[in-house]
Amino acid sequence: MNQTVEVLVLDLLEWLSRQDRSYEETMDAWRTSCPKLPVWEDANERGLVFIENGNDRSSVRVTPAGFELLKKFRPERIL
């Protein structure tokens, strides 16, 4: 994987772990049409994030695998 994308995936996971984020907010901040920076797509395909639907709202959450990746590469930033 591209090292830049890997760092950005970690940034995404860290951002999501700080507070509850809606799907819309996440897409506004992280979706890109640049094929060289597929941050959201990579995180989703690797099972690092999931979308939780409920109460007329969709939230994006970090999966246990995503937290493990954060713990491995950014242990000082885990909340």
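**Entry 1: helices and strands**

I began by looking up the secondary structure, and I found that the chain has four helices and three strands. I keep in mind that this is a predicted model. Reading from the N terminus, I wrote down the order of the elements as α-β-α-α-β-β-α.

**Entry 2: overall dimensions**

Next I looked up the extent of the chain, and its C-alpha trace spans about 35 × 30 × 15 Å along the principal axes. I then checked the radius of gyration, which is 12 Å for the chain, and this agrees with the value near 12 Å that a compact globule of 79 residues would have.

I also noted how the contacts are spread along the sequence: among contacts in the chain with a separation of 6 or more, 56% are between residues 24 or more positions apart.

**Entry 3: surface and charges**

For the surface, I noted an accessible area of about 5000 Å² for the chain, and carbon and sulfur atoms hold 49% of this area. Of the 79 residues, 39% count as buried. I looked up the charges as well, and the chain has 11 positive and 14 negative ones, whose mean positions lie 5 Å apart.

**Entry 4: the largest nonpolar core**

Which residues touch the most other members of the largest nonpolar core? I found that they are V9, L12, L13, L16 and V49, in a core of 18 residues. At least two residues of this core come from each of α1 (3-18), α2 (23-30), α3 (39-45), β3 (57-62) and α4 (64-73). The largest share is that of α1, which supplies seven residues.

I followed L16 further, and, with residues up to four places away in sequence left out, L16 touches R21, T26, V49, V60 and V62.

**Entry 5: V60 in strand β3**

Since V60 appeared among the contacts of L16, I looked at V60 next and found its place in strand β3. Is V60 buried or exposed? Its relative accessibility is 1%, and because a residue under 20% counts as buried, V60 is buried.

Leaving aside neighbours within four places in sequence, I listed the contacts of V60 as L16, R21, S22, Y23, T26, W40, V49, F50 and I51. I picked S22 from that list for a distance check: V60 and S22 are 38 residues apart in sequence, and their C-alpha atoms are 6.0 Å apart in space.

**Entry 6: S22 in strand β1**

I then turned to S22 itself, which has its place in strand β1 (residues 21-22). With a relative accessibility of 11%, S22 counts as buried. Apart from residues up to four places away in sequence, S22 touches R57, S58, S59 and V60.

I made a second distance check from S22, this time to P35, which is 13 residues away along the chain, and found 24 Å between the two C-alpha atoms.

**Entry 7: E52 in strand β2**

In strand β2 I looked up E52. E52 is partly exposed, with a relative accessible area of 34%. Not counting residues up to four places away in sequence, E52 touches R57, S58, S59 and R61. I compared this list with the one for S22, which also includes R57, S58 and S59.

For E52 and E6, which are 46 residues apart in sequence, I noted a C-alpha to C-alpha distance of 24 Å.

**Entry 8: the loop between β2 and β3**

My last stop was the loop between β2 (49-54) and β3, where N55 has its place. D56 lies in this loop as well. What is the sign of phi at N55? Phi is positive there, at about 50°, although N55 is not a glycine. D56 is not a glycine either, and I noted a positive phi of about 60° for D56. I marked these values because most residues other than glycine have a negative phi.

I checked how far the two residues are covered, and N55 counts as exposed at 79% relative accessibility. D56 is also exposed, with a relative accessible area of 90%.

Definitions and conventions:
Residues are numbered from 1 along each chain as its sequence is written. This is a predicted model: local features need pLDDT of at least 70, side-chain atom pairs count only at pLDDT 80 or more; totals for chains, interfaces and linings use all residues. Side-chain values use heavy atoms; hydrogens and water are left out. The radius of gyration is taken over C-alpha atoms; the globule rule is 2.2 Å times the number of residues to the power 0.38. Buried means under 20% relative accessible area, exposed over 50%, partly exposed in between (1.4 Å probe, protein chains only). Contact means heavy atoms within 4.5 Å. Accessible areas come from the Shrake-Rupley method with a 1.4 Å probe; for residues, only the protein chains shown count as cover. Lys and Arg count as positive and Asp and Glu as negative; His and the chain ends are not counted. The place of a charge is taken as NZ of Lys, CZ of Arg, CG of Asp or CD of Glu. A nonpolar core is a set of buried Ala, Val, Leu, Ile, Met, Phe, Trp, Tyr and Cys residues joined through side-chain atoms within 4.5 Å.
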